[in-house]
Amino acid sequence: LHLASADDPTPERVLPLSIDTYTERAATTAHDVQSLAPVIPDERRDAVRASLDRLDADLADWYDPTSTRPKIALLGPVQVTAAGQLPEDKPRLAWHTEVVAYLATRPRGATAEQYGTALWPDDPDIVGKSKVRQSVYVVRRWLGVNPSTGRDYLPTNPGVAGVVYRIEDALVDAELFRQLRLRGVSRGADGIHDLQAALNLVTGAPFDQRRPTGYGWLAEEALDHHYTATIVDVAHTVATHHLTESDPEAAAQAAEVALLAGSCEDTPLLDLAAACEARGMDAEVDTYVRRILHNHDVDE
């Protein structure tokens with residue numbers, strides 16, 4: 001990748017106008033435009049698009065209520081939709097949802113030791129206990145069998161360090177978001193539609209409404225904060241595009257997604273203030289300015 005200069009008016013960027021145009025018409029900086037809308041070399045663009053050839057089909061399945069593929073929502077309240085069933089006598093929905101959320105965020109899988117340590121952090125002797133295998137068995141039945149392969153969505157895979165648990169071919173909103181952002185940035189000006197589609201996946205703060213005593217494993221990687229930061233970046237890119245195109249309503253909608261995701265940053269507030277200013281909503285502009293000042297403990 002390389003960064004565009006301010007006098008480069010037509011690069012293959014998702015924000016294709018000159019950088020000066022964006023800094024003059026939107027609430028952004030040259031650094032923001034350069035980092036959020038980098039120039040992608042032709043060979044890299046082709047490789048990205050080829051690697052994401054299933055994205056549109058996956059996105060269609062995500063929104064298809066008849067699809068039996070497991071759907072794992074992390075960009076908002078944590079939720080698992082699967083074709084199988086949990087035990088009727090003891091479903092423990094919140095617990096098994098956490099199990100799926102953990103495994104869904106391990107694209108290379110997790111060993112039995114990693115899995116046990118993450119889900120039972122207060123039990124130093126958890127590895128080898130039957131409840132580890134039992135929990136995987138329950139989740140395996142819940143996720144069901146992949147009709148395309150005949151394999152369980154959570155198969156038992158032998159690895160170098162023993163058994164590896166990895167969910168295969170499930171739909172995860174955070175992964176769809178990542179792929180949409182990657183493809184969007186690689187498509188030049190047409191990519192703004194992918195970025196908007198990514199924002200449409202957000203329903204709240206990442207990992208919201210999670211099991212109160214669980215998810216300690218999030219602290220190590222801070223995935224919830226990482227997801228929120230990524231949402232803010234995409235929302236700002238989309239808002240910058242719409243502000244430059246004189247569509248403040250659409251810009252405000254994008255910025256609102258960042259707030260929905262739990263952001264406390266100045267960026268979405270600045271985008272909202274700019275959108276309100278463009279619509280002559282002076283009182284609302286003052287409100288957002290006060291919120292920004294509050295973020296920095298500045299007295300009015």
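In which helix is Thr237 found? In this predicted model, Thr237 is found in helix H11, which spans residues 223-244. With a relative accessibility of 3%, Thr237 falls under the 20% limit and therefore counts as buried. A polar atom of the Thr237 side chain lies 2.8 Å from the backbone oxygen of Asp233. When residues up to four places away in sequence are set aside, the residues that Thr237 touches are Val14, Leu15, Leu36, Ile192 and Leu195.

The chain to which this helix belongs comprises 300 residues, of which 48% count as buried. It is built with 14 helices and six strands, and its C-alpha atoms fill a box of roughly 60 × 50 × 35 Å when the box is taken along the principal axes. Among the contacts that join residues at least 6 apart in sequence, 62% are between residues at least 24 apart.

Helix H4, formed by residues 55-63, has Leu55, Asp58, Leu59 and Trp62 as its buried residues. Viewed down the axis of H4, these buried residues fall within an arc of 100°, and they therefore line one face of the helix. The cover over the buried residues of H4 includes strand E1 (71-73), strand E6 (171-172) and helix H8 (173-186).

The loop between H4 and E1 contains Arg69, a residue that is buried, with a relative accessible area of 11%. The side chain of Arg69 is joined to that of Asp169 by a polar contact of 3.1 Å. With neighbours within four places in sequence left aside, Arg69 is in contact with Asp169 as well as with Arg54, Asp58, Asp61, Thr81, Tyr153, Ala170 and Leu171. One of these partners, Asp58, is also listed among the buried residues of H4.

A further loop, between strand E2 (79-81) and H5, holds Ala82. Ala82 has a relative accessible area of 22% and is partly exposed. Although 15 residues separate Ala82 from Ser67 in sequence, their C-alpha atoms are 9.4 Å apart in space. Residues up to four places away not being counted, Ala82 touches Trp142 and Leu143, and both of these residues also belong to the part of helix H7 that meets H5.

The packing of H5 against H7 (residues 130-143) takes place at an angle of about 85°, with the two axes 10 Å apart. An angle between 65 and 115 degrees counts as roughly perpendicular, and H5 and H7 are therefore described as roughly perpendicular to each other. On the side of H5, the contact is made by Leu93, Trp95, His96, Thr97, Val99 and Val100, while H7 contributes Ser135, Val138, Val139, Trp142 and Leu143.

H5, which consists of residues 93-104, also meets helix H6, residues 112-119, where the two axes come within 11 Å and cross at roughly 135°. H5 and H6 are therefore oblique to each other, and the crossing in which H5 passes H6 is right-handed. This contact is made by Trp95, Glu98, Val99, Tyr102 and Leu103 of H5 together with Gln114, Tyr115, Ala118 and Leu119 of H6. Trp95 and Val99 of H5 thus appear in the contact with H6 and also in the contact with H7.

Ala94 likewise has its place in helix H5, and it is partly exposed, with a relative accessible area of 43%. The C-alpha atoms of Ala94 and Pro212 are separated by 9.4 Å, although the two residues lie 118 residues apart along the chain.

A further pair of helices is formed by H13 (residues 266-278) and H14 (residues 282-295), whose axes come within 8 Å and cross at roughly 160°. Angles over 145 degrees count as roughly antiparallel, and H13 and H14 are therefore roughly antiparallel to each other. The crossing of this pair is left-handed. From H13, Asp266, Leu269, Leu270, Leu272, Ala273, Cys276 and Glu277 take part in the contact, and they meet Glu284, Val285, Tyr288, Arg291, Ile292 and Asn295 of H14.

Note on methods
Residues are numbered from 1 along each chain as its sequence is written. This is a predicted model: local features need pLDDT of at least 70, side-chain atom pairs count only at pLDDT 80 or more; totals for chains, interfaces and linings use all residues. Side-chain values use heavy atoms; hydrogens and water are left out. Buried means under 20% relative accessible area, exposed over 50%, partly exposed in between (1.4 Å probe, protein chains only). Helices (H or I, at least four residues) and strands (E, at least two) are DSSP runs, numbered from the N terminus. The arc is that of the directions from the helix axis to the C-beta atoms. Contact means heavy atoms within 4.5 Å. A polar contact is a pair of N or O atoms within 3.5 Å; within protein, one must be able to donate a hydrogen and the other to accept it, and residues adjacent in sequence count only if both atoms are side-chain atoms. Axes are lines fitted to C-alpha atoms, for helices over the stretch in contact, and angles run from 0 to 180 degrees between N-to-C directions. Angles under 35 degrees count as roughly parallel, over 145 as roughly antiparallel, 65 to 115 as roughly perpendicular and the rest as oblique. A crossing is left-handed if the near helix is turned anticlockwise from the far one by less than a right angle, and right-handed if clockwise.
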